Structure formats: C-alpha cells, structure tokens
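Open the model in your viewer and keep the selection panel at hand. We will go from stop to stop, choosing what to highlight and looking at what turns up.

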Number of protein chains: 2
Amino acid sequence: MFSKRCEYAIKIMTFIAHQQKKSDKKVDVDAISKAIDSPKAFTAKILQDLVKSDLLVSSRGRFGGFSLPDQFNISLSQIIEAIDGKKLLEGCVLGFGTCSEKNPCIVHHHLKSARQHLKIKLQETNLEIIAKRVNEKNAYFKE
Amino acid sequence: MFSKRCEYAIKIMTFIAHQQKKSDKKVDVDAISKAIDSPKAFTAKILQDLVKSDLLVSSRGRFGGFSLPDQFNISLSQIIEAIDGKKLLEGCVLGFGTCSEKNPCIVHHHLKSARQHLKIKLQETNLEIIAKRVNEKNAYFKE
DNA sequence: CTGAAATAAGACAAATTTGTCCTAATATAA
DNA sequence: TTATATTAGGACAAATTTGTCTTATTTCAG
Ligand code: FES
Ligand code: FES
C-alpha cells in the first residue's frame, strides 16, 4: 500500500509529534532512527524530503534537529502525498495514465467507494489524533 | 496500491474472462499482451504464476493457451493475493510483522474500517461482474 | 576563533522489481 | 513422423527502490 519510505515517514512524523507533546526540544536524526528502528542515513534522506515538502522544519548546527511547523496539523494523506505522490489516492489502480469518471478503467467503479473511504480516513487522521492515542494507549513505534 | 505485476494480472484475467464470454477458445500470450499492452515475455511469467495459483489453466502445444478454470468465479482479491500475497489486505500498513487487534500499530484503528471496506469490495468484485461491464459499457483494456 | 554537533547533499552500493532472451518441453496438424 | 506453434523455465539485463558513506555547511558553546 505504502512504500517503505512512506512507512518510515509516517513513523518519523508521529514520533516527532509525540516528542513535541512532551517537550519543545527539536528531535535529531539519531533519536528518530533509534526510536522507530530505521536505518539512520536513509532516515536522514526522508527527513530532507519532509523538510522540502514543508511538513517539517529543520535547524542545523549544534542543538539542531527537526520539529513540526507551527499551527499546522498534518494529516496522513499529506505525508503520503509528500513521499509517494498522488498515485495512491488519485491515480488509476491499474496504472493507466489518468483516473476519471469520464474515462474509467474496468475496475474504476467497483473500487470507487472503497478508495473514497480510504482517502477520507487518511485525510481525517492527523498527527494530533495519533499522538494523543500514543499517550493514551501507550502504542508503540517499533516491535 | 498494487504492484505492476498485479496490475497486469488483473488485466490478463479480465481479458481472458471477456474473451471466453465470446468464445470457448483458449487465449494465447501474444493475444493477451497485445490486448492489454504489456511486455510479452513478462506477461508469460505472470501467466505462469496464475497457473501455479490455479487461477488459470494452461495447455501447451499447437492451439494451446490459457483459459479460466471451470466453475470457479474469481475475485480481484484472489488475483491480488496470488500475485502480491496477503500484505495489502492482511499486513500492517506500517510494515510491522503482524497486524492484529491485540497488538495494533499507531494507525491501525484509524484505517481499520477503510481497509475492511476495501477488502470487501475486492472480494465482491469478480470476473463475472467485470466481464459483464466490459460488454455493457465497452470499457477498455488499454489507453 | 575554534571545535563539536548537527543537517544537506552527492556519489555510491545493495536489494528488489521489472523486463528480455534463449532453449526445452509439449501438442497438434499435415 | 515432422514441422510448427504453443507454454515452461532458467539465466540474464535494466530500472527502481532501498540503504550507505563521505564531505560540505551551519550553528552554537566555550
Ligand atoms: S481509471 Fe482506473 S481506477 Fe479510475
Ligand atoms: S498493526 Fe499496523 S495496520 Fe494493523
């Protein structure tokens, strides 16, 4: 469903959101990759992409790190779009160039409602909600 | 959402179902790859996998080809499982080893209903229904 | 100013997926 | 029986994704 990069990206974002609920400190690559059990250098690359997409703010140098942008509640669909693009939510499931009502593929109508439902859920689910759940239920970041 | 192989597999199966509605003749690789606009040798590999999964029957030699097994209406979820495995419908969206209610990941509950909806749609949608639509609406196999 | 600690960025490497090619095995028509 | 048309299968090649390494750049403490 999601690429590996995207899986990491979701874990990264939720971890940072969770940390920032506890303190305002920036979070660095080392802490992130340890917490979510991901390869450090690869994690750093994904962080760069998230910064380029304005889903994170970075600061370099001593005591630098990553933090969420202010007044900006981020949804899963924003993270997915930043990393994997629009294909999952907007593209044709059979890989045709476009997905539209006017020119639907053979399965378009059969999966339309399910895809719409998924899209709404991914838009509704945001870091605020997830971070709250992590606190409440002590959900985990790695196995 | 689906791998390229799985996209081709769905097109392959629907094309064969459609052809067999018109005549009982077996369908060969050449006709399939031309109809769905897929690389021939790669298509042949996918066909082999579908035969191994018992979703198709093959016959070799002159006038050989592929046909649907008798008395066996195949759903999209069966095709997807045969080619991409259980990951999409049963695996954890964040890539953890297991997906369960007892040990849910941080997004498990948020996406549960959407995934369930998708699963049901993929189980409901079968080749009979799709092939019928192809006939009714003149839907296409390639762009 | 200098050193240490952090992100940025580019080149490289490994793994996986996608796709190609060649040969073997098989079945049928003639 | 023989030629031909088909699937089966293995080795290989290309493309993409995943992951690593090294160096530059930035920031701040002291
Ligand atoms: S055209 Fe294929 S899913 Fe919409
Ligand atoms: S445990 Fe992650 S989706 Fe169920």
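Select the interface residues of chain B and then those of chain A: 100% of those in chain B are interface residues in chain A too, so the copies meet through the same surface. Each chain puts 39 residues into the contact, where contact means heavy atoms within 4.5 Å. Before going further, note that this is a predicted model, in which local features need pLDDT of at least 70 and side-chain atom pairs count only at pLDDT 80 or more, while totals for chains, interfaces and linings use all residues. Side-chain values use heavy atoms, with hydrogens and water left out; residues are numbered from 1 along each chain as its sequence is written, and chains are lettered from A and ligands numbered from 1 in the order in which they are written.

**Stop 1: the two copies**

Superpose chain B on chain A: a turn of 180° and a shift of 0.0 Å along the axis do it with an RMSD of 0.0 Å. The fit is by least squares on the C-alpha atoms of residues with pLDDT of at least 70 in both copies. The two copies are thus related as by a two-fold rotation axis. To find that axis, pick M1(B), whose C-alpha is the nearest to it in chain B, at 2.2 Å.

**Stop 2: between the chains**

Show the surface shared by chain B and chain A. About 3,700 Å² is buried there, 66% of it from carbon and sulfur atoms; buried area is the accessible area (1.4 Å probe) that two parts lose on being put together, summed over both. Now select E7(B) and K87(A), which form a salt bridge with their closest N and O atoms 4.0 Å apart. The term asks for a side-chain nitrogen of Lys or Arg within 4 Å of a carboxyl oxygen of Asp or Glu, and the count between the two chains is one.

Which helix of chain B gives the most to the side that touches chain A? Colour α6(B), which supplies nine residues. Helices here are DSSP runs (H or I, at least four residues), and strands are E runs of at least two, numbered from the N terminus. By class, that side of chain B has 22 nonpolar, ten polar and seven charged residues.

**Stop 3: DNA strand C**

Select the residues near DNA strand C, meaning those with a heavy atom within 4 Å of it. Of the 25 around the strand, K45(A), S58(A), R60(A), P39(B) and R60(B) come nearest. Ten of the residues on this surface are charged, eight polar and seven nonpolar. On the strand's side, 68% of the atoms within 4 Å of the protein belong to sugar or phosphate, and the rest to bases.

Zoom in on S58(A): a polar side-chain atom lies 2.7 Å from a phosphate oxygen of DNA strand C. From chain B, Y8(B) has a polar side-chain atom 3.5 Å from a phosphate oxygen of this strand.

**Stop 4: DNA strand D**

Move to DNA strand D, where P39(A), R60(A), K45(B), S58(B) and R60(B) come nearest of the 25 residues around it. Click S58(B) to see a side-chain N or O atom 2.7 Å from a phosphate oxygen of DNA strand D. Finish with the base oxygens of DNA strand D: one is 3.3 Å from a polar backbone atom of G61(A), and one is 3.2 Å from a polar backbone atom of G61(B).

Note on methods. A polar contact is a pair of N or O atoms within 3.5 Å; within protein, one must be able to donate a hydrogen and the other to accept it, and residues adjacent in sequence count only if both atoms are side-chain atoms. Ala, Val, Leu, Ile, Met, Phe, Trp, Tyr, Cys and Pro count as nonpolar, Asp, Glu, Lys and Arg as charged, and the others, Gly among them, as polar.
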